[in-house]
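Q: Could you take me through one part of this protein up close? I'd like to see how a single sheet is put together, and then how a helix elsewhere in the chain sits among its surroundings.

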Amino acid sequence: MNKNKNTNFLFRMITVCFAILFSACESMMRYIDVEPANLQPVLAVSSIIDTDGTFFVSFTEARSIGSYRNWRPEEETIIRKGEVMLYDETAGETVTWLQSEGFDMSLRFYESGYSFTQHDLHFEAGHTYRLTLDIEGYPLATATATIPDAPLVEEVSVNLQQTLHFDNAYRLSPFTPDAFQVHSIDCCPLSLRLADNSPQRDYYMTYMIADVNSDALTVIGYRDIAVSDRAVIQDNPDMEAAQLLMDGEIDAFLFDRLLLSDMSFANTAGTIKLLIDPGFLKQSDYYNKYPDPPCDNTVLTTVYLCVAHLSANSYAHYRSLSLQKAGMDFFSEPVSIVSNIENGYGCFSAINTVRHKIAEYKSCDLSY
């Protein structure tokens with residue numbers, strides 16, 4: 001009986017203590033009306049230069065949250081005059097120059113901003129390039145990037161005689177770590193022997209393309225590339241965002257473009273085991289047995305493995321975007337988007353790409 005009285009008394013005392021504590025906290029609370037910062041709009045820029053001769057630039061308006069404190073439409077027409085210049089600081093010459101009385105930078109739900117791609121330009125490893133965007137109504141946005149050395153590819157070999165089967169292949173989509181597909185695949189092994197470029201951490205990207213060339217047109221299509229060796233992708237940003245490295249049920253991972261570092265072969269050379277779709281390679285094997293298709297118009301298909309050496313800021317920017325898109329859990333910290341754009345946001349990336357032909361064949365052009 002005394003024990004029950006003591007227990008009840010203890011619970012009453014705890015209740016009283018909590019009531020006093022919450023009352024004290026309530027009296028200490030202050031509500032502060034913070035005016036959201038309404039910063040001047042700047043340019044959000046995405047640009048890439050590649051030794052394959054490509055220059056890509058896209059830009060639109062970046063706004064602060066404070067700019068929406070008074071109602072304004074989320075989709076808005078924005079047309080500004082200005083100029084964009086790409087300059088080779090090492091050679092001291094202009095690479096290309098764009099001028100317009102009306103760059104369409106409009107904000108839209110699906111795709112915002114102005115974009116432009118130019119081919120057949122010349123970029124040199126070791127050269128530093130400056131991108132300048134002088135657009136009416138915004139601060140002058142500039143950025144520099146240095147073309148890295150070419151990736152040191154020692155060997156590329158494909159084993160057409162071996163087909164590997166994977167029951168649980170996971171497709172990773174960039175910036176959408178939760179939108180996954182799992183299915184079975186059959187692949188041929190491809191070995192890529194790659195040497196480390198420097199004592200610092202180096203970053204690479206591998207992908208497959210099929211260059212389809214006929215009398216009518218030329219089309220470049222991308223093919224999936226897969227990997228089952230988790231050591232190769234231990235610091236892949238898409239894997240990190242999707243938190244898949246510890247999932248033992250998945251036996252292969254498919255990528256549109258596979259990002260990796262030299263972590264598994266630092267300061268030496270390493271063989272990276274990749275997996276590719278055997279379908280177009282078997283087509284090559286078939287058509288090469290019959291090199292003269294019985295038709296008037298033929299299509300030449302060339303399949304390449306592309307290996308790109310990325311600048312460090314390109315990798316860091318992509319990683320920050322991947323983690324930001326993945327969102328945050330209770331224990332994570334907010335992700336800051338890595339940017340190298342002065343007076344703006346975004347990234348100016350420099351890439352050095354080499355192609356290795358792994359198949360070539362002719363077939364009939366059925367569009368005629």
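A: Here's a walk through the sheet, then the helix, with a bit of background on the whole protein. Keep in mind that this is a predicted model. Overall, the protein has four helices and 18 strands, and 39% of its 368 residues count as buried.

Let's start with the sheet. Strands in a sheet pair through backbone hydrogen bonds, and they can do that in a parallel or an antiparallel way. This one is an open sheet of four strands, lined up as β4-β3-β6-β7, and the pairing is antiparallel. The edges are taken by β4 (93–104) and β7 (141–146); each has a single partner strand, so one side of each is left without a neighbour in the sheet. Going from one strand to the next, the twist averages 10°.

Now zoom in on one of those pairs. Strand β3 covers residues 79–88, and nine bridges join it to β4, with the two running antiparallel. One bridge to look for links Asp-88 to its partner in β4, Glu-93.

Next up is helix α4, residues 312–326. Its 15 residues reach 21 Å from the first C-alpha to the last, close to the 21 Å expected at 1.5 Å a residue. Several of its residues are buried, among them Tyr-315, His-317, Tyr-318 and Leu-323. What covers the buried residues of α4? The cover includes the strands β11 (203–213), β15 (258–261), β17 (298–310) and β18 (344–364), along with helix α2 (237–242).

Stepping back, take the contacts between residues at least 6 apart in sequence: 73% of them join residues at least 24 apart.

Notes
Residues are numbered from 1 along each chain as its sequence is written. This is a predicted model: local features need pLDDT of at least 70, side-chain atom pairs count only at pLDDT 80 or more; totals for chains, interfaces and linings use all residues. Side-chain values use heavy atoms; hydrogens and water are left out. Two strands pair if DSSP finds at least two bridges between them. Axes are lines fitted to C-alpha atoms, for helices over the stretch in contact, and angles run from 0 to 180 degrees between N-to-C directions. The expected span of a helix is 1.5 Å times one less than its number of residues. Buried means under 20% relative accessible area, exposed over 50%, partly exposed in between (1.4 Å probe, protein chains only). Contact means heavy atoms within 4.5 Å.
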